[in-house]
Amino acid sequence: LTQSIYLIGSEQNLLFRQLFKILELIGFKKVKQMLHLSYGIVNLPEGKMKSREGKVIDADNLLDELKKLAYQEIKKRYKKISAQENKRRARKIALAALKFFILEPNPKSEVCFEPKKSLSFTGRTGPYLLYTYARLKAILRKAKKEKRAKKIDFSGLENPIEQMLVNLLGRFPAVIVEAALVYDPSILAKYLYSLADQTNSFYHDLPVLQAEEKLRLARLKMIEAVSIVLKEGLAILGIETVEEM
């Protein structure tokens, strides 16, 4: 046994401190390998969930509500999408909205879950990250027919936005290690949001497909790298990406 982790809400903090102290006093040798990984309570906009008063949300019902909201949003944006494809995307977007909204704040902080806010395609949300990933994949699909050079010259990536994006990409392995060491998925979630936000600034301000060949190839490779990091990072958080929104 390396470590025994008890993932239980912050309302039980005192109980576990007392339990571990008692085990220490009676000479239980493995108490130092026991950890209470406390997390904040998830509340509703109208207040704290209380089972005795019937103020609870069934997970299946919540997910169904998110799917419906996502389905409606997709239908507004893409008039010609089939119902089957809409349902498929809506499920992934709903799960991304729920998971990211809960994982992005520090685990010890309380969360007020707001379904509509969690499904926004802008801001610190799961759908925003999925949208960014899908947009990158669309750029790469447009460039697919181009003849790719075996060796790419990155020396032309001198713009401060590009430099910041490259630095962010380089931090990915260290971010994963840090999040794992301190049991805090919010570190990875915040990093992925920063990466997506910086990427949006990048392709909003700088041409990619319209740039001259040497720079275009370098920027396309950077976009490909970002898409890989976003997909892998979101997968670690249990979030599936979509190729098209």
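This briefing looks at the overall build of one protein chain, then at one of its helices and at a single residue. The model is predicted, and its chain has 9 helices and 4 strands. Of the 245 residues of the chain, 40% count as buried.

**The chain as a whole**

- Read from the start of the sequence to its end, the helices and strands follow the pattern β-α-β-β-α-α-β-α-α-α-α-α-α.
- Taken along the principal axes, the box filled by the C-alpha atoms is roughly 70 × 45 × 30 Å.
- Among the contacts in the chain with a separation of 6 or more, 74% are between residues 24 or more positions apart.

**Helix 5: its length and its surroundings**

- Helix 5 is made of 17 residues, residues 126-142, and at 1.5 Å a residue it should span 24 Å; its end C-alpha atoms are 25 Å apart, which agrees with that expectation.
- At the start of helix 5, the backbone nitrogen of Y128 has a side-chain oxygen of T125 within 3.1 Å.
- The buried residues of helix 5 include G126, P127 and Y128 at one end of the list and L136, I139 and L140 at the other, with L129, L130, T132, Y133 and A134 listed between them.
- An α-helix has 3.6 residues a turn, so residues three or four places apart point the same way.
- The cover over the buried residues of helix 5 includes helix 3 (83-103), helix 4 (115-118), helix 8 (185-205) and helix 9 (213-236).

**Helix 5 against helix 9**

- Two packed helices are described by the angle between their axes and the distance between the axes.
- For helix 5 and helix 9, the axes come within 10 Å and cross at roughly 145°, and the crossing is left-handed.
- On the side of helix 5 the contact is made by L129, L130, T132, Y133, L136, K137, I139 and L140, while helix 9 contributes L220, I223, E224, V226, S227, L230, K231 and L234.
- Sorted by character, the residues of this contact divide into 11 nonpolar, 2 polar and 3 charged.

**V229, a residue of helix 9**

- V229 has its place in helix 9, and because its relative accessible area is 9%, under the 20% cut-off, V229 counts as buried.
- Leaving aside residues up to four places away in sequence, V229 touches L169, F172, Y191, L192 and L195.
- One of these neighbours, F172, is 57 residues from V229 along the chain, and yet the C-alpha atoms of the two residues are separated by 7.4 Å.

Notes:
Residues are numbered from 1 along each chain as its sequence is written. This is a predicted model: local features need pLDDT of at least 70, side-chain atom pairs count only at pLDDT 80 or more; totals for chains, interfaces and linings use all residues. Side-chain values use heavy atoms; hydrogens and water are left out. Helices (H or I, at least four residues) and strands (E, at least two) are DSSP runs, numbered from the N terminus. The expected span of a helix is 1.5 Å times one less than its number of residues. Buried means under 20% relative accessible area, exposed over 50%, partly exposed in between (1.4 Å probe, protein chains only). Contact means heavy atoms within 4.5 Å. A polar contact is a pair of N or O atoms within 3.5 Å; within protein, one must be able to donate a hydrogen and the other to accept it, and residues adjacent in sequence count only if both atoms are side-chain atoms. Axes are lines fitted to C-alpha atoms, for helices over the stretch in contact, and angles run from 0 to 180 degrees between N-to-C directions. A crossing is left-handed if the near helix is turned anticlockwise from the far one by less than a right angle, and right-handed if clockwise. Ala, Val, Leu, Ile, Met, Phe, Trp, Tyr, Cys and Pro count as nonpolar, Asp, Glu, Lys and Arg as charged, and the others, Gly among them, as polar.
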